[in-house]
Every structure is written in C-alpha cells, then in structure tokens.
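Hi,

Here is the structure I promised to pass on. Could you have a look at it when you get a chance? My notes follow underneath.

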Amino acid sequence: MYYSIRHLTRFRYSLPVSESLMEVRMQPRSEGVQRCHSFRLTTQPRARIQQYSDQLGNIVHHFSVPGQHTKLVITAEALVEVRDSEPLPVALGPEAWGELDKLLNDHTVWDLIQPSYFARSSPELQAFAHELDVQRGNDPLTTLRALNTAIFQAFAYSPQTTTVDSPIEEALDARKGVCQDFAHIMISLVRGLGIPCRYVSGYLFHRTEDQDRSAADATHAWVEALLPGLGWVGFDPTNDLLAGSRHVRTAVGNDYATVPPTRGVYKGGATDDLQVSVRVSPSEAPPSAPAEADAEELPTAWRVEDAREEEQQQQQQQQ
C-alpha cells in the first residue's frame, strides 16, 4: 500500500520572537516492510535545513530562524510504501521466555528494559499492574496480546485530557488519555516483564470501517516489543491492534521524550499557539509538486520593546 502524507505544523506567537531552533522527526523510516520513496520538508520563514541519523536510525532534520518572526510553519510531505508483514503465529512455544532472556545479553537492547523519562514505575502503575494481574503468561506473544487488549479496555480515549509532558499517573488516575499515554503505560508494564520495548512515533491510516479511536488528523504512537524468532512486533493499545500495513513509522526511541515530531526553543516573551494537521491518503503514484507553506505576510505592527528573552519549548502531543 502507498500512502501520501502531509503533516502541517503551525506555531503562531503573540509577539515577535527570534533565534528559533528546531528539530523535526517526520521522515518515515525505510526498513523491513516500509519504504519512504520521497520526502520534502519546507518552512515559513524559509530556513536552511540540515539532517543527520541518530543512533537508532531515525532521520532528524534541524534548522534555525535567526530573524524576528511571528509565526513558524513546517510542512512535511512524504510518499511511503508499507507492505503486509508475514502473519504472526497465534502463540510462541513455552521455551520462548528462556530465549527472550538470552536476548537481554545484547547491550543494544539494555536501555529498552530500563525505566525512562515517561515510561517508569510508580505506585499508581504497580496498582494497575496488580489490577490486571500482569505477569509472564504461557509465552511472550500471548502475554502481550492480552496486555494490549487490557489497556484498550481499561482506558477511554479522550483528547486534551493530558498534555505533551503529562506523567503516566495522570492517565492512570483519570483512566483516560491519548495514544502517547497508552504507549507509555504499556512500555512501562512490558519492561517490567523483562521484555525490551520501545516507543514508536508515526501515523495511522484511518478507514471508516475500522472504527479507530485515535484521531485521524494527528500523529500517532504505539509500541514495539522484541520477541524471539519474530524481531520487533508492534502493538497499538489505543486501538487494540497489532501494528500492520496501516501504521507508518517515523521514529523509535525509549519514549516520547526521545522522538517528538518537533522539539525547539526560541527567544522572546511571547506565548505560542500550536496547530497541527495531518493527512494520510492512499496513493498510487508520487504526489504532484507540493504547494508552498502558508505564505501570508507577517504582521508589521507588533510592539517589540516588551519582549523578554526567554526560551520557550515547542512540542506537539501525539494523539
């Protein structure tokens, strides 16, 4: 399946700001059954964009806008192919737990069984684990399938219940949240079972017949667990799905803190308003030349003498 993806991020500031520095993780990965055939990133104001690959193979674009500006628009457009994966077995053999424990000798996965900034234990998490009776079952795959469904059933999907930097205790107490919360809760529980688990940032193609809970016009998040003989297997607790050909992966990491779609700072005393729009559409061919980002003129009558030089974070929550 081919997908055409357009991800628009617009920051508007109440006063002119300067020296914006931004990192962007929006380019889909090319590996396994997924291939990114084209990608284009543009900004308004225009900026010179550079890129590098981090230690987990994520492509990170970065740029700066030194002059004063009252808005920043980032437009990412991609053409991605995602093929069907080989069907998973119903279960793994009873020896799979022992094989899994041997995988932990690989230093490259050691970080992925340790607590991280958002995915960590707490009294609230331990109480939830006790409620679900989370423990090693007959085999790792069966255990994770059951946990994926249990989290889906235990929480309501409710945008704006939490924020981009909310700890998992907020969603655990309210029993509702968004995909970012569900992913962090599942990662914390899975790592507690001694299974390497990582956060996946990306997109989900929504079809009417699937009745997905997650928002169609936003980025998405799910988890991947390392299983013997299968490699990294994706689980989507927001929608009670195994990650498949509708899931488009852009970045993987310990948790959201390591792979936000945008991360940046700017100088100025302004407040900012963030708007994000995502469109994922089926495609049979590369898209036509992308339109320029919103090019309306910047306001010229802003008062700048009261602006303070403060660093402000720029991040977007995953829904």
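The lining of the largest pocket divides into ten nonpolar, eight polar and seven charged residues. The pocket holds about 650 Å³ of space, and among its 25 lining residues, V33, S85, W232, G234 and A243 lie nearest the centre. Please keep in mind that this is a predicted model. Which strand gives the most to this lining? That is strand 10, with four residues; strand 9, strand 10 and strand 12 each supply at least two.

The second largest pocket has a volume of about 540 Å³. It is lined by 21 residues, and those closest to its centre are V164, L274, Q315, Q316 and Q317. Here the lining splits into nine nonpolar, nine polar and three charged residues. Strand 14 (residues 272-282) gives the most to it, with three residues.

Now for the sheet. Five strands form an open sheet with antiparallel pairing, in the order 11-10-9-8-12. Strand 11 (241-242) and strand 12 (247-253) stand at the edges with a single partner strand each, so one side of each has no neighbour in the sheet. At one of these edges, strand 11 runs antiparallel to strand 10 (residues 231-236), and two bridges join them. If you want a spot to look at there, D236 stands opposite L241 in strand 11.

A helix belongs in this picture too: helix 5 (residues 179-192) lies across strand 8, strand 9 (220-227) and strand 10. Its angle to strand 8 is about 155 degrees.

Strand 8 (residues 197-204) comes up again in the cavity. The structure holds one cavity of 30 Å³ or more, with a volume of about 30 Å³. Its lining is made up of H7, R25, M26, S201, G202, Y203, T219, T250, P261 and Q318, and strand 8 provides the largest share, three residues. By type, three of the lining residues are nonpolar, six are polar and one is charged.

Lastly, the chain as a whole. Its secondary structure comes to five helices and 15 strands. The C-alpha atoms fill a box of roughly 70 × 45 × 40 Å along the principal axes. How does the radius of gyration sit with a compact globule? For 319 residues such a globule would have a value near 20 Å, and the protein chain has 20 Å, so the two agree.

Happy to talk it over whenever suits you.

Best wishes

Definitions and conventions. Residues numbered from 1 in each chain as written. Predicted model: local features only at pLDDT ≥ 70, side-chain atom pairs only at ≥ 80, totals over all residues. Heavy atoms only, no water. 1 Å grid on protein atoms, 1.4 Å probe; cavity = no way out; pocket = protein on both sides within 12 Å on 5 of 7 lines; lining within 4 Å. Points joined across faces, edges and corners; volume = space filled by probe spheres on them. Nonpolar A, V, L, I, M, F, W, Y, C, P; charged D, E, K, R; others polar. Pairing = 2+ DSSP bridges. Contact = heavy atoms within 4.5 Å. Axes fitted to C-alpha atoms, helices over the stretch in contact; angles between N-to-C directions. Rg over C-alpha atoms; globule rule 2.2 N^0.38 Å.
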